[in-house]
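Visitor: I would like to learn how to read a structure with two chains. Please take me through the features one at a time.

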Amino acid sequence: MLEIRNLHARIASTGTEIIRGLNLTVKAGEVAAIMGPNGSGKSTLSYVLAGRDDYEVTEGDILYNGHSVLEMDPAERAAAGIFLAFQYPMEIPGVATMEFLKVALNAQRKARGEEPLKVPDFLKRVKEAAASLEMDIAMLKRPLNVGFSGGEKKRAEILQMKLLAPSLCVLDETDSGLDIDALKIVADGVNALRAPDRAFLVITHYQRLLEHIVPDTVHVLYRGQVIKSGDKTLAHELEANGYAGIIEEAA
Amino acid sequence: MNMHATPQRTQAETALVEAFAARLSELPGDGAVMVKRDDAIEAIKDGLPTRRVEAWHYTDLRRLLTSVPDHDPTANPKPLVPVIEGSEVLSLLNGVVRGKAPALDGVTFQNLSDKLTDGSFAQALDPLDADDAIGFLNTAFVSDGWFVDIAPGAKIEAPIELQNLQAGGQTHVRLPVRVGAGARATIVERQAGSGAALASSVSNLSVGDGADVVWLIVQEQPETATHLAQFNAELGKDSRLTLFVMNAGGKLVRQEIRVKVAGAGADFQLRGVNLLAGDGHTDVTMVLDHAAANTGSRELVRNVVTGKARGVFQGRINVHQLAQKTDAKMACNTLLLSDDAEFSTKPELEIFADDVQCGHGATVTEIDRSHLFYLMARGIDEKTARGLLVKAFVASVIEELDNEALVDALEAKLDTWFAEHG
């Protein structure tokens with residue numbers, strides 16, 4: 001589903017290279033964890049996948065279902081089924097959450113040649129998704145993410161993911177700012193979405209999240225490259241020994 | 001303006017003087033009114049204000065007023081569907097009253113052309129000060145208008161929409177409105193048209209003691225028109241005026257707002273939305289006087305500027321010595337959508353009372369790129385995403401209006417503007 005080939009990317013404004021020859025393949029149905037120390041390029045990778053124009057790809061390619069996404073803007077990538085759950089979801093005053101959800105859902109439906117959802121159907125879907133994440137529907141009457149706690153913002157991201165039903169889900173540090181109860185709810189939400197035709201890229205600093213979202217593969221990112229790949233036992237190894245050993249081993 | 005007399009008249013000044021000579025015989029008015037007209041054209045002969053006149057510093061009228069078309073008696077604008085459904089519409093087409101006034105309990109309507117000849121109106125044509133260029137222009141040429149008198153205690157549910165429409169040429173109208181003590185009304189001042197007109201319009205509102213008035217100015221002139229307008233109001237004791245101004249058109253626009261909070265306990269609210277596109281110049285200049293104790297005011301102006309448009313907001317609050325316990329706050333926030341867009345803000349406070357709370361603030365921002373990315377990352381295309389963010393920026397001003405039909409109507413105007421210019 002996702003194939004990243006020798007990817008190089010830099011910060012557009014400063015020219016600083018962050019991703020330096022990254023290779024990664026994620027198959028449909030797979031949950032791939034990306035782990036790495038701070039500054040290894042984890043969040044940059046998530047932004048580059050989603051198409052944020054603060055970053056420039058200078059070399060290599062990102063193939064999604066066999067096609068390069070580099071020429072697609074973030075909206076086109078989203079409509080094609082790539083979803084980024086943000087580490088720090090934006091607060092946008094003046095944009096009502098419900099209105100935003102409706103516009104986003106219908107924009108994606110339109111891009112796929114589907115009819116817009118009727119209001120009662122839309123509301124039904126939102127209510128069901130909110131209930132499964134134990135979210136108070138009253139929250140959704142507020143402006144987008146404004147005044148939400150850290151945990152509420154993360155739940156709202158998963159709610160959006162549920163509604164938009166993407167095929168490639170990129171979760172950027174979804175565990176940060178969550179207490180253990182919220183973490184379980186969010187992880188259950190993600191696990192419920194696991195499907196043979198959907199892949200996940202779970203970006204995290206800690207092993208904690210991976211106890212709840214058990215990955216098929218684990219990849220260690222360091223200085224903009226994948227330096228080691230393995231199965232879920234690699235995450236346990238990292239938890240026990242830290243990143244230092246693997247970094248030395250790769251060097 | 002005499003202070004800045006200039007030896008050589010501009011083309012526009014010459015055209016105005018010639019137009020006056022040509023039209024004089026057909027303009028309505030008794031002797032006293034004609035004397036006011038004559039004084040007014042004399043002031044224009046001395047020269048339109050330039051940037052050296054403080055009140056016109058950001059809008060050099062002498063330089064910017066380049067086209068003065070002749071009055072076109074054949075211009076025939078078509079009445080518009082009112083902004084708010086169910087409004088009573090009164091039309092001014094090509095500068096004259098057209099159609100009959102509706103019968104409305106508690107409201108008397110009169111043609112201004114009648115008032116100009118009945119000996120009761122000359123005093124109302126006095127200039128506000130020596131730099132009152134809009135007053136001079138309007139007094140010299142005013143041809144008609146609606147005089148609206150709302151009886152004390154009358155509660156007028158249906159909005160009254162005063163439509164001033166042009167289809168080219170020159171139009172000059174006045175809208176005097178008197179709202180009696182304890183009365184309540186919503187008035188829409190609709191300024192629109194289809195031609196490269198020179199339009200002037202002066203509204204004079206008197207709000208009686210305890211009265212509650214909502215007044216909306218919706219200006220949607222075409223990109224070729226010059227629109228020079230003035231809104232003057234005086235507020236009685238414990239009265240309330242909410243003024244909403246939306247500018248969404250015009251090549252050269254100046255909207256002056258002069259409000260005197262004259263009665264103790266009165267409250268004035270200004271909400272402004274300026275949507276500026278193309279290469280137009282739009283100036284909103286407010287002078288607000290707090291002249292009595294325990295009065296309040298809030299002014300919130302939001303501007304969205306794109307293309308090569310330029311905008312100006314000058315806001316001056318004078319707190320008189322008597323006006324203790326005044327509570328006045330003014331804010332002007334601008335969203336620039338293009339590199340060539342420009343906005344100038346000049347807030348001023350002049351305070352002679354010692355026990356007051358006054359403040360002002362101004363910001364200029366661009367669309368937040370991270371907000372744009374967030375919306376696009378959910379599949380919303382760039383244009384729609386920018387539209388949502390622009391709407392979010394101005395919608396809070398509109399949503400405060402607390403009238404669903406009104407909010408819907410203004411948001412629809414916002415959508416229309418953004419679909420064209422976003």
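Guide: A polar contact is a pair of N or O atoms within 3.5 Å; within protein, one must be able to donate a hydrogen and the other to accept it, and residues adjacent in sequence count only if both atoms are side-chain atoms. By that rule, 10 residue pairs, both at pLDDT 80 or more, are in polar contact across the interface of chain B and chain A. The model is predicted, so local features need pLDDT of at least 70 and side-chain atom pairs count only at pLDDT 80 or more, while totals for chains, interfaces and linings use all residues. Residues are numbered from 1 along each chain as its sequence is written, chains are lettered from A and ligands numbered from 1 in the order in which they are written, and side-chain values use heavy atoms, with hydrogens and water left out.

Visitor: Which helices of chain B each supply at least two residues of the side that touches chain A?

Guide: Helices (H or I, at least four residues) and strands (E, at least two) are DSSP runs, numbered from the N terminus. Here the helices are helix 6 (369-376) and helix 7 (382-399) of chain B. Helix 6 of chain B gives the largest share, seven residues.

Visitor: How many residues does each chain bring to the contact?

Guide: Contact means heavy atoms within 4.5 Å. Chain B brings 16 residues and chain A brings 32 residues.

Visitor: How much area do chain B and chain A bury between them?

Guide: Buried area is the accessible area (1.4 Å probe) that two parts lose on being put together, summed over both. For chain B and chain A the figure is about 1,900 Å², with 71% of it on carbon and sulfur atoms. On the chain B side, B:Phe373, B:Tyr374 and B:Arg378 lose the most area to chain A, together 41% of what that side buries.

Visitor: How many salt bridges does the rule find across the interface?

Guide: A salt bridge is a side-chain nitrogen of Lys or Arg within 4 Å of a carboxyl oxygen of Asp or Glu. The rule finds three between chain B and chain A. One salt bridge joins the side chains of B:Arg378 and A:Glu157, at 2.7 Å from N to O.

Visitor: What is the sign of phi in A:Asn65?

Guide: Most residues other than glycine have a negative phi. A:Asn65 has a positive value, near 50°. A:Asn65 lies in the loop between strand 4 (55-64) and strand 5 (67-68) of chain A.
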